[in-house]
Amino acid sequence: MKLFKLILTCSILALGLMIASCHKEDLQSRDISGLKPPPPPPPPPVDSSLVMFDPADSTAGWETVGAPVVVSAGQKQGTGYIQGMITPPNNFLQFIKTRIPPLDTKLTKENGELTFWWNIPDVTKLKADGQIQVSSSGGPDSKRFGWAIADLLPSLKNGWNQLTLSFATANVAGDGEPDLSAMNYFKIFFWTTDNVTANFACGIDAIQFKAHTVTTPPPTVGVEIDNCDSVGAWQTVGTPVIVTTGQKEGTGYLQGTLTTGNDFLQFIRPLAAPVDTKVTMSTGQLQFWFYVPDVTLLKLDGQIQFSSANDPDNKRIGWGLADIIPTLHNGWNQLKLNFRDAYVSGDGGPDLTAMNYFKMFFWASTPVTADQKFGLDDIKVVAIPPPPPVLISNCDSVSTWQTVGTPVIITTGQKEGAGYLQGTLTTGNEFLQFILPITTPVNTNVTIANGQLQFWFYVPDASLLDASVQVGQVQFSSANDPDKNRVGWGFDKIVPTLHNGWNLVSLNLSDGYVSGDGGPDLTKMNYFKMFFWTKSNATANINFGIDDIIVQQK
């Protein structure tokens, strides 16, 4: 009996221990269902200048070759995009949208851009021809901006492409720019290189206008010629001194003193290691700070000279202080001297990749009655944009043009503007010319050293042109005569560079031959001529073309 009671007692004790061991610990829950994820990043800010010309969500106002279709899958914006189709065996497609009412873009030619999406199934099939056009006239040929497809092809890819086209780079219709407060017409037209053998479906979406995004350029750094922080190899009249207070850059500036009783001062800096300025005559600018204690003391004389011959009179460009002194004030003046405005030494000017000499010299009007301290600081060369080209002819009208036969303006396939000039070498003949007497002489704003004549030349078959027996020429004159006051280039140098189709011909004035009378007056150019022969008489009419003749700095 006692044994039974002992067993019962142990069993009850063991049961109690088991129950106690099953007590659930009060642990902190790891349930994260109540936690909120971090918010997504905010969307990019909306461009307040963006205005919608057409969302391409409806076929209303649209024309294509065949019936336009709205595709509601794969669009880049909104509920759909406009699809057009080149069907076998064709090679042409266009998208035209006439907008009612007109749209006020609130933009200018200087700040405006056209942007839209263009879907292309196979870029390699596109021909380098066609245009994108926007206008305020309700049509493609008046009050219009345009851009050539040929210029865009290298940047295109298969699929969707977002094009952003600056008004500033557009070609303009012959009757002027569009009214940007009343834009009502969009057109894009293009060809494939061959007739297609299967449907070629393209799309347009979200045609908009916006302001160009301006990015503040970084500070101009340029190529340092001398920071004027040490005497180094500097030479002045007397002993050059470095002043360490009041400088414009670095740790000091170079001071030279025009001493009592004298009237002449100069600053000379030979450079032991020639400097590559990394600019051209069109894009270079010499900059430095010049301290003048009293501008009224200066005589309108003296020069600033920059050379690659370690010599102020050879391989040099220079600027006369007579033109600079009237712009100066007492104290520090930052001079900015464009290379293209400089006079060039008769030996062809400097090697801008190996500049090694700077000199500035000047006089006082009379000997000074007290010491006058002048200063220089931070001499460098910076790059500036080249000046805009000067138009000789846009070839949009027959005007005073002469060819063999009747000149014609073709309004499709041009490289600029509303058309190009076509001349025809007719069956049985071998000679053609394009002549333009210019009624109002043109100031080209270039020199022989820095100027370039540029134009587009359409050649249907370059292999036909003669470059050895009967050699043609391009001639540019200020005497209204191809043989006087002229610069010219032989076709023997031009023909080997040509290919079939449009060619951008760029002719440096410095590479041309100059007539024996001293050459042209480049401020009064009034005559353009191009003439050439084929190797044999033509067996069928051959159409050549010329477009957009300009002069620019090279």
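Me: What makes strand 35 count as mostly covered?

Reply: In this predicted model, strand 35 spans residues 525-533, and 9 of its 9 residues are buried. A residue is called buried when its relative accessible area is under 20%. The strand is therefore described as mostly covered, since 9 of 9 residues fall in that class.

Me: How do you know that strand 29 and strand 35 pair?

Reply: Two strands pair if at least two bridges are found between them. Strand 29 (residues 431-442) is joined to strand 35 by 8 bridges, so the two strands pair. They run antiparallel. As one example of a bridge partner, Ile435 has Lys529 in strand 35.

Me: Which sense of pairing links strand 31 with strand 35, parallel or antiparallel?

Reply: Strand 31 (residues 473-477) pairs with strand 35 in the antiparallel sense, over 5 bridges. Here Phe476 has Phe528 of strand 35 as its bridge partner. In general, strands of a sheet pair through backbone hydrogen bonds.

Me: What makes the sheet with the order 2-5-11-7-8-10 an open one, and which strands stand at its edges?

Reply: The sheet is formed by 6 strands in that order, with antiparallel pairing. Strand 2 (62-64) and strand 10 (171-172) stand at the edges; each has a single partner strand, so one side of each is left without a neighbour in the sheet.

Me: How do you know that strand 8 and strand 10 pair?

Reply: The pairing rule asks for at least two bridges. Strand 8 (residues 144-148) and strand 10 are joined by 2 bridges, so the rule is met. The two strands run antiparallel, and Gly146 stands opposite Asn171 in strand 10.

Me: Why are Cys202 and Cys395 called buried?

Reply: The cut-off for buried is under 20% relative accessible area. Cys202 has a value of 1%, so it is buried. Cys395 has 0% relative accessibility and therefore also counts as buried.

Me: How many disulfides does the structure hold?

Reply: The structure holds 0 disulfides. A disulfide requires a pair of cysteine sulfur atoms within 2.5 Å, so a count of 0 means that no pair of cysteine sulfur atoms meets this cut-off.

Me: Why is Gln208 called buried, and which residues is Gln208 in contact with?

Reply: Gln208 lies in strand 12. Its relative accessibility is 14%, which is under 20%, so Gln208 counts as buried. Leaving aside neighbours within four places in sequence, Gln208 is in contact with Leu50, Val51, Met52, Phe53, Glu113, Leu114 and Thr115.

Me: What is the phi of Ala206, and why is Ala206 called buried?

Reply: Ala206 has a positive phi of about 50 degrees, although it is not a glycine. Its place is in strand 12 (residues 200-211). The relative accessible area of Ala206 is 2%, under the 20% cut-off, and the residue is therefore buried.

Me: Why is Asn480 called partly exposed?

Reply: Partly exposed is the class between buried, under 20%, and exposed, over 50%. Asn480 has 43% relative accessibility, so it belongs to that class. Asn480 lies in the loop between strand 31 and strand 32 (486-490), and has a positive phi of about 55 degrees although it is not a glycine.

Me: Which peptide bonds to Pro89 and Pro101 are cis, and where do these prolines lie?

Reply: The bond from Pro88 to Pro89 is cis, with omega near 0 degrees. Pro89 is found in the loop between strand 4 (81-86) and strand 5 (92-103). Another cis peptide bond joins Ile100 and Pro101, with omega about 0 degrees, and Pro101 is in strand 5.

Me: How many cavities of 30 Å³ or more does the structure have, and what lines the largest cavity?

Reply: A search of the whole structure finds 1 cavity of 30 Å³ or more. The largest cavity has a volume of about 60 Å³. Its lining includes Ala128, Asp129, Gly130, Lys415 and Trp502. The lining residues divide into 5 nonpolar, 3 polar and 2 charged.

Me: What makes up the protein chain as a whole?

Reply: The protein chain has 4 helices and 36 strands. Of its 554 residues, 48% are buried. Among contacts with a separation of 6 or more, 79% are between residues 24 or more positions apart.

Definitions and conventions: Residues numbered from 1 in each chain as written. Predicted model: local features only at pLDDT ≥ 70, side-chain atom pairs only at ≥ 80, totals over all residues. Heavy atoms only, no water. Buried < 20%, exposed > 50% of the residue type's maximum accessible area, 1.4 Å probe, protein only. 1 Å grid on protein atoms, 1.4 Å probe; cavity = no way out; pocket = protein on both sides within 12 Å on 5 of 7 lines; lining within 4 Å. Points joined across faces, edges and corners; volume = space filled by probe spheres on them. Nonpolar A, V, L, I, M, F, W, Y, C, P; charged D, E, K, R; others polar. Contact = heavy atoms within 4.5 Å.
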